[in-house]
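The following paragraphs go through the fold in order: the sheet, the helices that pack on it, the nonpolar cores and the salt bridges. The sequence and structure come before the text.

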Amino acid sequence: MASAVRILGIDPGLTRCGVGVVDVRADRSAALVHVGVVRSGAELPVAERLALIARGLREVLATHRPDVVAVERVFAQQNRSTVMGTAQASGIALLLAAEHGLPAATHTPSEVKAAITGYGSADKLQVQTMVARVLRLDALPQPADAADALAIALCHGWRRGAPSGSAAAGALTPAQRAWADAEKRATRR
């Protein structure tokens with residue numbers, strides 16, 4: 001894919017850390033490179049679980065050589081143990097990006113949903129469906145953690161490569177137009 005940016009999207013989690021690699025071109029078209037989940041067993045000590053996550057992410061970085069890493073931003077949840085594990089896995093992802101000399105960005109779940117579906121409160125199925133459509137997949141990406149990682153990568157690619165001007169706007173999908181409009185409104189404040 002000529003003149004594409006290769007983006008590693010990461011949906012951090014301690015039990016299941018979703019990873020998705022996509023190539024995104026300036027015209028916002030995208031192609032799937034890799035999708036998967038790095039797993040660690042809940043019965044293991046946290047340090048070992050983090051080492052497994054790091055090992056899996058290093059393998060993806062070495063194999064697919066992304067240009068940038070995009071990670072879902074940790075947000076407040078009711079379950080403290082879940083948010084702690086997510087934050088720890090997120091820290092590993094950001095650390096590895098820095099160690100590899102790669103720029104890294106974080107995106108909130110609602111930001112990713114808005115970029116992919118045009119609606120910041122979209123459900124998992126809506127996100128999976130749009131990711132499959134954008135990447136021209138025959139089936140929905142599974143599990144949801146993997147689909148979320150692809151959505152994070154696409155969100156980042158579309159945000160950083162957002163075309164400007166009315167001529168480029170005609171090439172955008174409705175979801176991409178909604179995202180671009182929302183971004184414009186947010187920057188005016």
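Five strands make up an open sheet with mixed pairing, in the order 3-2-1-4-5. Strand 3 (30-39) and strand 5 (104-107) occupy the edges, and each has a single partner strand, so one side of each is left without a neighbour in the sheet. On average, and with direction ignored, neighbouring strands of this sheet are turned by 20 degrees against each other. The model is a predicted one.

Helix 1 (residues 46-64) packs on this sheet, where it touches strand 1, strand 2, strand 3 and strand 4. The direction of helix 1 makes about 155 degrees with that of strand 3.

Strand 1 (residues 5-11) can be followed through its pairings. With strand 2, strand 1 runs antiparallel, and seven bridges join the two. Four residues lie between strand 1 and strand 2, and the two strands form a hairpin. One of the bridges can be located by residue: G9 has G20 in strand 2 as its bridge partner. With strand 4, strand 1 pairs in the parallel sense, over four bridges. Here L8 stands opposite V69 in strand 4. Strand 1 is mostly covered, with five of its seven residues buried.

Helix 5 (residues 144-160) is the next element to consider. Helix 5 lies across strand 1, strand 2, strand 3, strand 4 and strand 5, and runs at about 40 degrees to strand 2. Its 17 residues reach 24 Å from the first C-alpha to the last, close to the 24 Å expected at 1.5 Å a residue. Like strand 1, helix 5 is described as mostly covered; 14 of its 17 residues are buried.

What do these elements contribute to the interior? The largest nonpolar core has 22 residues, and the members that touch the most other members are I7, V22, V24, I116, V131, L135 and L154. At least two residues of this core come from each of strand 2 (16-24), strand 4 (68-72), helix 3 (109-117), helix 4 (124-134) and helix 5. Helix 5 supplies the largest share of this core, seven residues. L135 shows how such a member is surrounded: leaving aside its neighbours within four places in sequence, L135 is in contact with V22, A30, A31, L32, L150 and L154. Another core, of 20 residues, lies apart from the largest one, and its members include V38, I53, L57 and L96.

The charged side chains come last. Six salt bridges are found in a search of the whole structure, and three of them are taken up here.

In one of the six, the side chains of R58 and E99 meet at 4.0 Å, N to O. R58 belongs to helix 1 and E99 to helix 2 (residues 80-99), so that this pair links distant parts of the chain, 41 residues apart. R58 has a relative accessible area of 40% and is partly exposed.

Another salt bridge joins R159 and E111, whose closest N and O atoms are 2.0 Å apart. R159 lies in helix 5 and E111 in helix 3, so the pair ties together parts that are 48 residues apart in sequence. Which side of this pair is buried, and which is partly exposed? E111 has a relative accessible area of 10%, and because buried means under 20%, E111 counts as buried. R159, at 31% relative accessibility, counts as partly exposed.

D148 and K124 form a further salt bridge, their side chains meeting at 2.5 Å, N to O. D148 is in helix 5 and K124 in helix 4, 24 residues apart, and the pair links distant parts of the chain. D148 is buried, with a relative accessible area of 9%, whereas K124 is partly exposed at 47%.

Helix 5 thus appears in several parts of this account. Helix 5 lies across the five named strands, gives seven residues to the largest nonpolar core, and carries R159 and D148.

Methods: Residues numbered from 1 in each chain as written. Predicted model: local features only at pLDDT ≥ 70, side-chain atom pairs only at ≥ 80, totals over all residues. Heavy atoms only, no water. Expected span 1.5 Å × (residues − 1). Buried < 20%, exposed > 50% of the residue type's maximum accessible area, 1.4 Å probe, protein only. Core = buried A, V, L, I, M, F, W, Y, C linked by side-chain atoms within 4.5 Å. Contact = heavy atoms within 4.5 Å. Pairing = 2+ DSSP bridges. Axes fitted to C-alpha atoms, helices over the stretch in contact; angles between N-to-C directions.
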